[in-house]
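Q: Could you take a close look at one part of this model for me, the second largest pocket, and show how its surroundings fit in with the rest of the chain?

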Amino acid sequence: MSRLHGHLLIFSLMDSILLLVLLMSGFGASGGGVALFTLLAALLLVPLGVVSIVMLHRKSAGGINVGIANFSLTGSLFLIVGVLGLISYISSEDGSFLLPVAITLLGISTLRRVSTMRNEAYSSWYHSHNTQTYDEGNSEILSTCPNCDSILAVIPSKLTTDDICPNCGSKLVTMS
């Protein structure tokens, strides 16, 4: 769980840095209401990202809620800006096609982190301030594949040496 927590912290940090870089570049927009909305939203989300990172790092009581709000709002902003950029590219064929696609994918990826933070096992681990895994017999926990580091939900008591990772196909349990 501590690796997952570190992953969420790094992802939040990268989101904030990318949001700051996009804020400085004006999101590639040439003025108008959409650009003003985007700039104002980014100015509000960068401090939220910093607060979220600090609270999650310290494992503060409300850190999960602030982190969920950060990922939800930042992901939504990236998604809106990316889709608007794609619509602008399709309608006028001005500008870059790659940047709106990348921002849209970043928005989707950021929004996927919300379900991870709402997971019961992660929440229990976070609130216990314990680095031990959450294990109550047949409880499902989040784990990573030893080969590709994909995040998987597993029931430790039911793992066998025949279980394979759905992403890379390697064995999840090895005999040692």
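A: Let's start with a term: buried means under 20% relative accessible area, exposed over 50%, and partly exposed in between, with a 1.4 Å probe and protein chains only. On that basis, buried residues account for 36% of the 176 in the chain. Keep in mind that the model is predicted, with local features needing pLDDT of at least 70 and side-chain atom pairs counting only at pLDDT 80 or more, while totals for chains, interfaces and linings use all residues. Residues are numbered from 1 along each chain as its sequence is written, and side-chain values use heavy atoms, leaving out hydrogens and water.

Now the layout. Five helices and two strands make up the elements (DSSP runs, H or I of at least four residues for helices, E of at least two for strands, numbered from the N terminus), and their order is α-α-α-α-α-β-β.

On to the pocket. On a 1 Å grid over the protein atoms alone, a pocket is an open set of points where a 1.4 Å probe fits, with protein on both sides within 12 Å along at least five of seven lines; lining residues have an atom within 4 Å of a point. The second largest one holds about 200 Å³, the volume being the space filled by probe spheres set on the points, which are joined across faces, edges and corners. Its lining consists of Leu4, His7, Arg112, Arg113, Ser115, Thr116, Asn119, Leu142 and Ile151. Two elements, α1 and α4, give two or more residues to that lining, and α4 gives the most, with four.

Leu142 is a handy link to the strands. β1 (141-144) and β2 (151-154) pair in the antiparallel sense over four bridges, where pairing takes at least two DSSP bridges. Leu142 sits opposite Ala153 in β2. The hairpin has six residues between its strands, and Asp149 there has a positive phi near 60 degrees.

Leu142 also leads to Met1, which touches Ala121, Tyr122, Trp125 and Leu142, leaving aside residues up to four places away in sequence; contact means heavy atoms within 4.5 Å. Met1, along with Leu19, Leu77, Met117 and Tyr122, touches the most other members of the largest nonpolar core, which has 29 residues. Such a core is a set of buried Ala, Val, Leu, Ile, Met, Phe, Trp, Tyr and Cys residues joined through side-chain atoms within 4.5 Å. The helices α1 (2-25), α2 (33-58), α3 (63-92), α4 (98-117) and α5 (120-128) each supply at least two of its residues, with α1 giving the most, seven.
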